[in-house]
Amino acid sequence: SMVRKFVDITGDPSNPLGPPRDCPTAFKMLYDDEYLYVMSRMVAAPGRAIVATFTERNEPIYQRDSDIELFIDALGCNHFYKETEVNALNAVWNL
């Protein structure tokens, strides 16, 4: 099943540039011996659009595109984590 009622972490809810609370996001994860599979779903809030302009790997999608961010901290230490962001056009940015 999908993980629902995901809480956005954009900070101040009164920020006009951040997504409103009624902007639903859901995700599902699965893994095997070789890969981690992640599926996510973003739905634009009324009056808002999902923005996707970048199409190439490691273009700065975090600057203006709507994206899903995935943080992996295999050691659980908050250091040495990996971050991947993906926009609606499947452009990937890795940290």
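Two strands pair if DSSP finds at least two bridges between them. Keep that rule in mind for the exercises. The model is predicted.

**Exercise 1. Lay out the chain.**

Task: state which elements the chain has and in what order they run from the N terminus.

Solution.
- Step 1: Count the elements. The chain has one helix and five strands.
- Step 2: Put them in order. From the N terminus, the run is β-β-α-β-β-β.
- Step 3: Check burial. Of the 95 residues in the chain, 16% are buried.

**Exercise 2. Build the sheet.**

Task: find the order of the three strands in the open sheet and say whether the pairing is parallel or antiparallel.

Solution.
- Step 1: Read the order. The open sheet runs β3-β4-β5, with antiparallel pairing.
- Step 2: Find the edges. β3 (67–72) and β5 (92–94) are the edge strands, and each pairs on one side only.
- Step 3: Get the angle. With direction ignored, neighbouring strands of this sheet are turned by 15 degrees against each other on average.
- Step 4: Apply the opening rule. β4 and β5 share three bridges, and pairing needs at least two. They therefore count as paired.
- Step 5: Name one bridge. Thr84 has Asn94 in β5 as its bridge partner.

**Exercise 3. Place Asn87.**

Task: decide whether Asn87 is buried or exposed, then list what its side chain reaches.

Solution.
- Step 1: Locate the residue. Asn87 belongs to strand β4 (residues 82–87).
- Step 2: Apply the cut-off. Buried means under 20% relative accessible area. Asn87 has 5%, so it is buried.
- Step 3: Look for a side-chain partner. Asn87 and Asp65 make a polar contact of 2.7 Å through their side chains.
- Step 4: Look for a backbone partner. At 2.9 Å, the Asn87 side chain reaches the backbone nitrogen of Leu89.
- Step 5: Collect the neighbours. Leaving out residues up to four places away in sequence, Asn87 touches Ala52, Thr53, Phe54, Ile61, Asp65, Ser66 and Asp67.

**Exercise 4. Map the second largest pocket.**

Task: find which strand supplies the largest share of the lining of the second largest pocket.

Solution.
- Step 1: Take the volume. The second largest pocket holds about 320 Å³ of space.
- Step 2: Go to the centre. The lining has 14 residues, and Val38, Ser40, Ile68, Val86 and Asn90 are the closest to the pocket centre.
- Step 3: Sort by strand. β2 (36–42), β3 and β4 each give at least two lining residues.
- Step 4: Pick the top contributor. β2 supplies the largest share, five residues.

Definitions and conventions: Residues are numbered from 1 along each chain as its sequence is written. This is a predicted model: local features need pLDDT of at least 70, side-chain atom pairs count only at pLDDT 80 or more; totals for chains, interfaces and linings use all residues. Side-chain values use heavy atoms; hydrogens and water are left out. Helices (H or I, at least four residues) and strands (E, at least two) are DSSP runs, numbered from the N terminus. Buried means under 20% relative accessible area, exposed over 50%, partly exposed in between (1.4 Å probe, protein chains only). A polar contact is a pair of N or O atoms within 3.5 Å; within protein, one must be able to donate a hydrogen and the other to accept it, and residues adjacent in sequence count only if both atoms are side-chain atoms. Contact means heavy atoms within 4.5 Å. Axes are lines fitted to C-alpha atoms, for helices over the stretch in contact, and angles run from 0 to 180 degrees between N-to-C directions. On a 1 Å grid over the protein atoms alone, a cavity is a set of points where a 1.4 Å probe fits but cannot get out, and a pocket is an open set with protein on both sides within 12 Å along at least five of seven lines; lining residues have an atom within 4 Å of a point. Grid points are joined across faces, edges and corners, and a volume is the space filled by probe spheres set on the points.
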